[in-house]
Amino acid sequence: EKVVWSTFGLPSFVEMAQEEYGGEGYDNEEPLGWEFSEGIVNPAYTGVIPDAIYDLSVDDSGQKDKGYMAVKASWLDEQWSLLESQPWFRGHMNRQQSVDELTGAPGGSFVVRVSSQPGRYAISVIQHGGNIEHMLILPSYAGADSTAPGKTQYRIGTYSKLCFNTVPKLVAYYIGHEYFGKHRLRGEVLPERQEGGYMLVAPN
């Protein structure tokens, strides 16, 4: 299904996908190796669109993918509390614990945990064949006029340019849309209780 962002002054998803997925995997990792074959995806996820395209000139860190670690610790604590309602969020689970939980799960199953790098998260996804991939979810400054909570947006890895106002919205997008050209996450996202986040609204 072709999702067009023309209403928002952005390129179509197909055009962005051709650019985004034409090279190597995120952070030079290999693709996940799992093809979605479960049939029709819930339209509540296919209707999710990115909130922005990553632009280094907007990031106030001055250093690509390094300096920006989101906002105050108290705000991060609040965001973690909100994430606790999501069935895939595991808080301060470590990498080995995520591997233990995902071992034997269906391809595309995943968990999100707080990264050891402040302000960041890590997503662990099981591949076809049982291998487990770990990727960072990186924060970036969304700009002074942004409606994103904490004026912070998120994307998967340094290779991705698609930014989302919240982590649940990012997850919902990749449940409903392919990444690496042919892969989707497998799971559920509960509607958020904050402005700019994921809401259970079917596309028009």
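Which strands does helix H4 lie across? In this predicted model, H4 lies across E2, E3 and E4, and its direction runs at about 160° to that of E2. That's a handy place to start, so let's look at the sheet itself and then work outwards.

**The sheet and its helices**

The sheet is an open one, with four strands in the order E2-E3-E4-E5 and antiparallel pairing. Strand E2 (110–114) and strand E5 (152–156) sit at the edges, each of them pairing on one side only. From one strand to the next, the twist averages 25°. If you want to follow one pairing by eye, try strand E4 (residues 132–141) and E5: they run antiparallel and are joined by five bridges. Serine 140 is a good residue to click on, as its bridge partner in E5 is glutamine 153.

Helix H5 packs on this sheet too, touching E2, E3, E4 and E5, and its direction makes about 35° with that of E5. H5 covers residues 167–176 and is mostly covered itself, with 10 of its 10 residues buried. Among them are Lys169, Tyr173 and Tyr174, along with aliphatic residues such as Val167, Leu170 and Ile175.

**How the helices begin and end**

Two helices have a capping residue at the N-terminal end, and here they are side by side.

| Helix | Capping residue | Backbone nitrogen of | Distance from side-chain oxygen |
|---|---|---|---|
| H4 | asparagine 94 | glutamine 96 | 3.2 Å |
| H5 | threonine 166 | lysine 169 | 3.2 Å |

At the other end of H4, just after the helix, glycine 104 takes a positive phi of about 90°.

**Rings that meet**

How many aromatic pairs does the structure hold? There are seven. Take phenylalanine 89 and tyrosine 121: their ring centres are 6.4 Å apart and their planes stand at 65°, so this pair counts as edge-to-face, the cut-off being over 60 degrees. Phenylalanine 89 comes from the loop between helix H3 (73–83) and helix H4 (95–102), while tyrosine 121 belongs to strand E3 (residues 121–126), so the pair ties together parts that are 32 residues apart in sequence. Both rings belong to buried residues: phenylalanine 89 has 9% relative accessibility, and tyrosine 121 has 1%.

Phenylalanine 164 and tyrosine 173 make another pair, with ring centres 5.0 Å apart and planes at 45°, so that one is tilted. Phenylalanine 164 and tyrosine 173 are buried as well, and tyrosine 173 is one of the H5 residues mentioned above.

Going back to the first pair, Phe89 and Tyr121 form one aromatic cluster together with Tyr154. There's also a charge to look at: arginine 155 lies over the face of tyrosine 54, at 3.6 Å from the ring centre.

**Stepping back**

What does the whole chain look like in outline? It has five helices and six strands, which follow the pattern α-α-β-α-α-β-β-β-β-β-α along the sequence. Of its 204 residues, 49% count as buried. Among contacts with a separation of 6 or more, 56% come from residues 24 or more positions apart. The phenylalanine 89 and tyrosine 121 pair, with its parts 32 residues apart in sequence, is one link you can trace by hand.

Methods:
Residues are numbered from 1 along each chain as its sequence is written. This is a predicted model: local features need pLDDT of at least 70, side-chain atom pairs count only at pLDDT 80 or more; totals for chains, interfaces and linings use all residues. Side-chain values use heavy atoms; hydrogens and water are left out. Buried means under 20% relative accessible area, exposed over 50%, partly exposed in between (1.4 Å probe, protein chains only). Helices (H or I, at least four residues) and strands (E, at least two) are DSSP runs, numbered from the N terminus. A polar contact is a pair of N or O atoms within 3.5 Å; within protein, one must be able to donate a hydrogen and the other to accept it, and residues adjacent in sequence count only if both atoms are side-chain atoms. Rings of Phe, Tyr and Trp (its six-membered ring) pair if their centres lie within 6.5 Å; planes under 30 degrees apart count as stacked, over 60 as edge-to-face and the rest as tilted. A charge sits over a ring if NZ of Lys or CZ of Arg is within 6 Å of the ring centre and within 35 degrees of the ring normal. Two strands pair if DSSP finds at least two bridges between them. Axes are lines fitted to C-alpha atoms, for helices over the stretch in contact, and angles run from 0 to 180 degrees between N-to-C directions. Contact means heavy atoms within 4.5 Å.
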